[in-house]
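The following explanation leads the reader through selected features of one structure, beginning with its disulfides and ending with a single serine. Please keep the sequence and the coordinates in view while reading.

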Amino acid sequence: YNTNAKDAAVIAACGLATTCAITPTGYLHVRVVWKPDPAASVAVAAGVDGTGDGQIQSDFGLACGAVGCSNSINVAAGRYTVYALPREGSYFAGWSGDAASCGTARTCEITVGESPLSISATFEPGVKLTVSMAGYVGNAYVGFDPSYGFACTTECTFWYGPGTSVRLYTREFNGYSRASNFLFWSGVPGCGTGDDCVITFGSSN
């Protein structure tokens, strides 16, 4: 746009005023710049606890990368998501602080209002579960409940807390015709040929 120099000067003179009255004398292109109000932002602090290993990530820039770390960031009021990500050999034991209501869900939505928030994730050493699929797999997969965030299609390793019960199930991906038949589970007493298999973890892999 070829903004008239006189109009440009009038607009610039408005500065930070929330209203700006002008009488255009030519083609006009107005650019309004918005910036966060520091006074309206709220501190959100995160920490990682426990004797295991893991990290916190988020969709608003807050991260805490290892057990013992502590970090804080200022954000505007709103709803945000934080993620607890255990590393190999550990499981996520739960949220505390202002995220305690999310329990052991690895994805947690928090609401930032007028008061500062403090959240913490705890990671502990886990019990190893290895799942492998043998024979002609076709379009089948093994799923998990509680979900681990993805399905297993070849060989997968997961870590759970002692005493945790997990339901494994075999299914076909949606939209695909059945290309293989499930035969049986092995390595887990009592599961046999049923599509579902429930495991309760002790202290050994």
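**Disulfides and the surroundings of serine 58**

In this predicted model, a disulfide links cysteine 102 to cysteine 108, with their sulfur atoms 2.0 Å apart. A disulfide is a covalent bond between the sulfur atoms of two cysteines. The link of cysteine 102 and cysteine 108 is right-handed, with 70° about the S-S bond. As for solvent exposure, cysteine 108 has a relative accessible area of 1%. Because buried means under 20% relative accessible area, cysteine 108 counts as buried.

How many disulfides does a search of the whole structure find? The search returns four, and two others besides the pair just described are taken up here. One of them is formed by cysteine 191 and cysteine 197, whose sulfur atoms are 1.9 Å apart. This link of cysteine 191 and cysteine 197 is right-handed, with 70° about the S-S bond. Cysteine 191 has a relative accessible area of 11% and is therefore buried. Cysteine 197 is likewise buried, its relative accessible area being 1%.

Another disulfide joins cysteine 64 to cysteine 69, with an S to S distance of 1.7 Å. Are the two partners buried or partly exposed? Cysteine 64, at 1% relative accessibility, counts as buried. Cysteine 69, by contrast, counts as partly exposed, because its relative accessibility is 22% and the limit for buried is under 20%.

The account now turns to serine 58. This residue belongs to strand S2, which comprises residues 54-58. Is serine 58 buried or exposed? Its relative accessible area is 16%, so serine 58 is buried.

Which backbone atoms lie beside the polar side chain of serine 58? The backbone oxygen of leucine 62 lies 2.7 Å from a polar atom of that side chain. The backbone nitrogen of phenylalanine 60 lies 3.3 Å from a polar atom of the side chain of serine 58. The side chain of serine 58 is thus paired with a backbone oxygen at leucine 62 and with a backbone nitrogen at phenylalanine 60.

Beyond its neighbours within four places in sequence, serine 58 is in contact with Thr81, Val82 and Tyr83. The picture of serine 58 therefore joins a buried position in strand S2 with polar partners at phenylalanine 60 and leucine 62, and with contacts to Thr81, Val82 and Tyr83.

Terms used. Residues are numbered from 1 along each chain as its sequence is written. This is a predicted model: local features need pLDDT of at least 70, side-chain atom pairs count only at pLDDT 80 or more; totals for chains, interfaces and linings use all residues. Side-chain values use heavy atoms; hydrogens and water are left out. Helices (H or I, at least four residues) and strands (E, at least two) are DSSP runs, numbered from the N terminus. Buried means under 20% relative accessible area, exposed over 50%, partly exposed in between (1.4 Å probe, protein chains only). A polar contact is a pair of N or O atoms within 3.5 Å; within protein, one must be able to donate a hydrogen and the other to accept it, and residues adjacent in sequence count only if both atoms are side-chain atoms. Contact means heavy atoms within 4.5 Å. A disulfide is a pair of cysteine sulfur atoms within 2.5 Å.
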